[in-house]
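Open the model in your viewer and keep the selection tool at hand. The stops below are given in the order in which to select them.

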Amino acid sequence: MKTALEFSEIHAGMLAEAGGKAANLGELTRAGLPVPQGWVLTTDAYHQAAETAGLQEVIAQGGDLAAKARQRLLETTIPAEVAEEVRKAYAGLGESAPVAVRSSATAEDLPFASFAGQQDTFLNVVGPDDVLRAVRKCWASLWTDRAVAYREANGIDHAAVRIAVVVQAMVDAEVAGVMFTANPVTGRRREAVIDASPGLGEAVVSGAVNPDRFVVDVATAEIRERHAGDKKIAIRSLPGGGTERVETDVDGFCLTDAQVRALAELGARVEGHYGAPQDTEWAIDAGGRLWLTQARPITTLYPVPETLPQTPPGTGHDGLRLFFSINVAQGVMGPFTPMGSAGIKLMSAGAARMAGYPPADPHQGAGPVVEAGQRLWVDLTKAARSRVGRAVLPRVLSVAEARTAVLFKALMDDPRLSMTYPSRRPFLRAARRIARAAGAPRRMRWALTRPERALTYTRRVGDELTRRLELPEDVSPQARIDHAERLLGATFPMIFSIMPIVLVGYGMFGLASKLSGVPISDMQDVLRSMPHNPTTEMDMELWRLATRIEPFGDRSVEEVTRLYQAGQLPRVTQEAISGFLATYGHRGVAEIDLGVKRWSDDPSHIIGVLANYLRMDDRLAPDALFARGAAEAQAAVERVAAAAARKGRWRAAIVRRALDRTRRLGGLRELPKYYAVLILAGVRRSMRVVGEHLVAQGVLGTPDDIYFLTFQEARTALQPAKSEDDLRGLVAGRKAAHEREERRRHVPRLLLSDGTEPEALSIAAAEGAITGTPASAGIATGPARVVMDPAGAHLEPGEILVCPSTDPGWTPLFLTAGGLVMEMGGAMSHGAVVAREYGIPAVVGVTRATERVTTGETVTVDGAAGTITQEAAGTITQEAADTITHERA
């Protein structure tokens, strides 16, 4: 392998040898794009230097890795043959040619990590000796503290990473800057955002200047926005090498409209070449020629669905579409496994059949269900464009995902989502079909007149689902897959038949408010400690378990888990934990994904909760809190009834009866999901048996690999003709992609088909005024604890839990929480329900709460007003104007 290569010799297949940026520049040169002449020292040259410096030994020793590795490289002489080739290549550019020396790591410009700004660049380098010094500094910059930390955060092996060095002819720029071919703030594709300033682009990239900003619609070349910066500083080249900062006094914009449009057109060509939005740097020289100096993928954009939803004939609509995140709604921020997605799609197909719109292929799910970023989304376009949808959906969302309801209403003013479905008839037909399929009239009548019969019915549903899960041990793998598909397709109609009963409970709550004149926000105590809530029952059973077992002493959770799995805990403790898992072991974090482990698979989470419970004061016991909440709820019922009595004695009687139904039936709200998770866990167990069979056949590496296939792929794998290498390679690729997606920290609630995140368009609250949706009344002040994942998390009594969202895997943390702040959810979301059960103040639907509040700062949560007050300065979200600079740093 040669050390130095002309750009024209580099191709995509040499990425490992040349580094991301180097290969990109080679591709762009061959594509006819205006890239300055130059060459590359491939990673082979770095490898020679690294071997001479003994870097493998440094990496193995650990310790202060960054400083040691940098020192070794800076002290190591560049190999003679490498230095000679650099001198020859430099001479080919001309005597004393000024060049830019740029680093290009093999771990740079990846789809999930841009590494922008992690390694160093040196501008206006003149002379072969200075070029060699800059090359060595670029190599050493692979080991800056920030680069090492970034690799560790992204799970990239230090020993495997290499670096190339790109040497480009310097552009003596009159104007330069950065261009994103998609809007990095809103996510909108085909909307170029350009930052420009006089002189070299380093002023813009480093954030040293407030640049001019332009936003361009790439399709129409319309310049949508112009913002003039002060441009007080310019970085310019010095004769003989190096750069200087000079003060400037530039009036107006530094680019003409024609130049802005030319840049947008260039960006479109680069994006078209790579097939994905790009973050580019550019320069315009004194002669007015436009140069492209680098390009890398934008890694922070959320992917848009690759395929549009299936829609019934005559109801589809071309153009902009609106999607709602199933993951956000369920509090599952991570990606689904392939089989997890397949299971939810089969369930959604059952829901579509209830509405009279069965999908042609149940494996693809209901028509409106799509996939993006390994997460599932529901197309809400028809609802947004219909009179009924605009009236009904915000009301539904307001009690389940309140922040989404606000965003949905705001989108109704977008002319691209204008109303095209004024008729109510299609909605009414679908509603009638669903009501008939769910037996709604009969079950609502039971709920009103014979609530015990309604409760008996809900238990029968659970018994029937449990019966359907049963399979003989000797059933074939093929039959297991068939059974799983049938069961998942039938689950939704069965569990949904409980909802009419639940709706009566909450309908009566609304009726009581109307008859009494007491606002719903002042009646929240009525909803405390409601019976028949499976999550509350689970938590109280876990507490009772803690009172029966022996203390763990000074043993760690890991050690206790190992002893339990080996059957070596004291008999009473061993049997008590096993008994709990026999009933609730099907639950877990992210439990709607059947590919995710359950508590029965890995009991360490439950054992960790038990360890916390064993240290707690009995006054905080869930059963005591539940009893106290029930008493306060009954007092609230009497208070509302008294208010109704002042308007008429008959009103008081009706209110008491209505709130009796609310308390008897409202706790069932969590039961449909509980049953759904029961089925998903049963399918998971059955599919693992299929995985074990495929391992025995040599097709898969481990039984859990089955969850990285769909049901159809698993069925095909049972055929002898299927290649072992095909499936193992497919599974390995999907696992790697899944691990990368797990590192994504932000998932939009709503997403438009052009990539726009509607929440990014909303106006942020003023500094210090953090607001959300009231979820559980009360006021609590305490130190904040930001938690992104409940596994292994510990909350001190009184701390305010700040998290993205919750599912039942989070609820044990609520026991010690003084209050709850949640980014997602509404007054009827899981976190809100459990917070009310435990009587802790809660505010939900708080935009970017985990970014705006920091662990340790004192906050006050007012659950009735829906506000969070920070008493110490927290992390303030940067304004959109700074986003491009931060993306690069």
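Start with helix 24, which gives the largest share of the lining of the largest cavity, three residues. Helices here are DSSP runs of H or I with at least four residues, strands are E runs of at least two, and both are numbered from the N terminus. This is a predicted model, in which local features need pLDDT of at least 70 and side-chain atom pairs count only at pLDDT 80 or more, while totals for chains, interfaces and linings use all residues. Residues are numbered from 1 along each chain as its sequence is written, and side-chain values use heavy atoms, with hydrogens and water left out.

Now select V609, N612, Y613, M616, L795, P812, L813 and T816, the lining of the largest cavity. Two elements, helix 24 and helix 31 (811-814), each give two or more residues to this lining. A cavity is a set of points, on a 1 Å grid over the protein atoms alone, where a 1.4 Å probe fits but cannot get out; lining residues have an atom within 4 Å of a point. The volume of the largest cavity is about 60 Å³, counted as the space filled by probe spheres set on the points, with grid points joined across faces, edges and corners. Six of its lining residues are nonpolar, two are polar and none is charged. In this scheme Ala, Val, Leu, Ile, Met, Phe, Trp, Tyr, Cys and Pro are nonpolar, Asp, Glu, Lys and Arg are charged, and the others, Gly among them, are polar.

How many cavities of 30 Å³ or more does a search of the whole structure find? There are two. For the second largest, select E550, P551, F552, R555, L569, P570 and T573. Its volume is about 30 Å³, and its lining divides into four nonpolar, one polar and two charged residues.

Next, go to E591, in the loop between helix 23 (571-584) and helix 24 (604-614). Is E591 buried or exposed? It is buried, with a relative accessible area of 1%; buried means under 20%, exposed over 50%, and partly exposed in between, using a 1.4 Å probe and protein chains only. Show side chains, and a polar contact of 2.8 Å appears between E591 and R587. A polar contact is a pair of N or O atoms within 3.5 Å; within protein, one must be able to donate a hydrogen and the other to accept it, and residues adjacent in sequence count only if both atoms are side-chain atoms. A polar atom of the E591 side chain also lies 3.2 Å from the backbone nitrogen of G588.

Move to S686 in helix 27 (residues 671-696). S686 is buried at a relative accessible area of 8%. Leaving aside residues up to four places away in sequence, S686 touches L471 and R480, where contact means heavy atoms within 4.5 Å. Add P477 to the selection: it is 209 residues from S686 along the chain, yet their C-alpha atoms are separated by 8.7 Å.

The last residue to select is V369, in strand 15 (residues 369-372). V369 counts as buried at 12% relative accessibility. Beyond residues up to four places away in sequence, V369 touches K345, S348, Q364, L376 and W377. Measure from V369 to F323, C-alpha to C-alpha, and expect 9.0 Å for a pair 46 residues apart in sequence.

Finally, zoom out to the chain. Its secondary structure comes to 34 helices and 25 strands, and 55% of its 889 residues are buried.

Terms used: On a 1 Å grid over the protein atoms alone, a cavity is a set of points where a 1.4 Å probe fits but cannot get out, and a pocket is an open set with protein on both sides within 12 Å along at least five of seven lines; lining residues have an atom within 4 Å of a point.
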